[in-house]
Amino acid sequence: MVTKPNNKIVVQGEPLVEECKVESATNMYPGRLVKKGSSDSQIVVCGATDMPVGWLGYEQAAGPYKPSDVDTAYSANDFAPVLYGGKFVIVGRLASGEVVNKGDLLVPAANGELKKAETLQIASGATSVTSTAANGDIITGHYGDAPIVAKALESVDASGGAQDILVLSLI
């Protein structure tokens, strides 16, 4: 069984690492999903409808920019590691109100957190769907417009507030 490490977020595997500048410090905690900022070299926290570029790292951070612990946010203009490439286990954050079971697929939620991917429903009706132009793309690895970013490696009940969760990164 994989267990959560103390003051680390990468549990197993070797993610690719890119150092980027934190554009805004809002919710920039290690283990959160991040997206491209104003330029390719800047990052901000990922929202529920955004396309993430990776996870905000911690133990890979350069000394002067590394927060004191995994529960401390990066500051604006810090240089922070962005982890990506998939096939590594990381401590992410499950959004408040979510309940997931081991094996559930996860998509971005607000504030760089995660939520359970729901089954894609296509409404029935009299109109035949003849093309993606008629109904939009149904893309493997996506739930609606949100990419599937992780797989839960443990069952977590965050109905009372956001909780840490061990996940297998798929991005």
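This is a guided tour of one predicted model, moving from the whole chain to single residues and then to a pocket.

Residues are numbered from 1 along each chain as its sequence is written, and side-chain values use heavy atoms, with hydrogens and water left out. Because the model is predicted, local features need pLDDT of at least 70 and side-chain atom pairs count only at pLDDT 80 or more, whereas totals for chains, interfaces and linings use all residues.

**The whole chain**

Begin with a cartoon view of the protein, which has one helix and 15 strands; helices (H or I, at least four residues) and strands (E, at least two) are DSSP runs, numbered from the N terminus. Of its 171 residues, 39% count as buried, a term that means under 20% relative accessible area, with exposed meaning over 50% and partly exposed in between (1.4 Å probe, protein chains only). If contacts (heavy atoms within 4.5 Å) with a separation of 6 or more are taken, residues 24 or more positions apart account for 62% of them.

**Strands E2, E5 and E6**

Select residues 16-22 and 79-84 next: these are strands E2 and E6, which run antiparallel and are joined by six bridges; two strands pair if DSSP finds at least two bridges between them. Within this pairing, Lys21 has Phe79 of E6 as its bridge partner. Adding residues 54-56 brings in strand E5, which pairs with E6 in the antiparallel sense over two bridges, and here Trp55 stands opposite Leu83 of E6.

Stay in strand E2 and select Cys20, which counts as buried because its relative accessibility is 4%. Its C-alpha lies 8.3 Å from that of Asp78, although Cys20 and Asp78 are 58 residues apart in sequence. Not counting residues up to four places away in sequence, Cys20 touches Asp40, Ser41, Ile43, Asp78, Phe79, Ala80 and Val82.

**Two loop residues with positive phi**

Follow the loop between E5 and E6 to Asn77, a residue other than glycine whose phi is positive, near 75°. Asn77 counts as partly exposed, because its relative accessibility is 46%. On the loop between E6 and strand E7 (89-94), select Lys87, which is also not glycine and has a positive phi, near 65°; at 75% relative accessibility, Lys87 counts as exposed.

**Arg32**

Move to the loop between E2 and strand E3 (33-36), where Arg32 is placed. Is Arg32 buried or exposed? Arg32 is buried, because its relative accessible area is 9%. Show its surroundings as sticks: leaving aside neighbours within four places in sequence, Arg32 is in contact with Asn27, Gly54, Trp55, Leu56, Arg93, Asn111, Gly112 and Glu113.

**The E9 and E10 hairpin, and E13**

Asn111, one of the contacts of Arg32, leads to the next stop, since it sits in a turn: E9 and E10 form a hairpin with five residues between them, and Asn111 in that turn has a positive phi of about 60°. Select residues 114-116 for strand E10, which pairs with E9 in the antiparallel sense over three bridges, with Lys116 of E10 as the bridge partner of Leu106. Strand E9 (residues 105-108) is also joined to E13 by two bridges, the two strands running antiparallel, and Leu105 stands opposite Lys151 in E13.

**Glu154**

Continue to the loop between strand E13 (150-152) and strand E14 (156-157), where Glu154 is found; Glu154 is buried, because its relative accessible area is 15%. What does the side chain of Glu154 reach at 2.9 Å? The side chain reaches the backbone nitrogen of Leu166 at that distance, and a polar contact of 2.9 Å joins the side chains of Glu154 and Lys4. A polar contact is a pair of N or O atoms within 3.5 Å; within protein, one must be able to donate a hydrogen and the other to accept it, and residues adjacent in sequence count only if both atoms are side-chain atoms. Beyond its neighbours within four places in sequence, Glu154 is in contact with Lys4, Val100, Asn101, Lys102, Asp164, Ile165 and Leu166.

**The largest pocket**

Finish with Pro30, Val70, Asp71, Arg93 and Asp164, the residues nearest the centre of the largest pocket among the 16 that line it. On a 1 Å grid over the protein atoms alone, a pocket is an open set of points where a 1.4 Å probe fits, with protein on both sides within 12 Å along at least five of seven lines, and lining residues have an atom within 4 Å of a point. About 250 Å³ of space lies in this pocket, a volume being the space filled by probe spheres set on the points, which are joined across faces, edges and corners. E7 gives the most to the lining, with three residues. The lining divides into six nonpolar, four polar and six charged residues, where Ala, Val, Leu, Ile, Met, Phe, Trp, Tyr, Cys and Pro count as nonpolar, Asp, Glu, Lys and Arg as charged, and the others, Gly among them, as polar.
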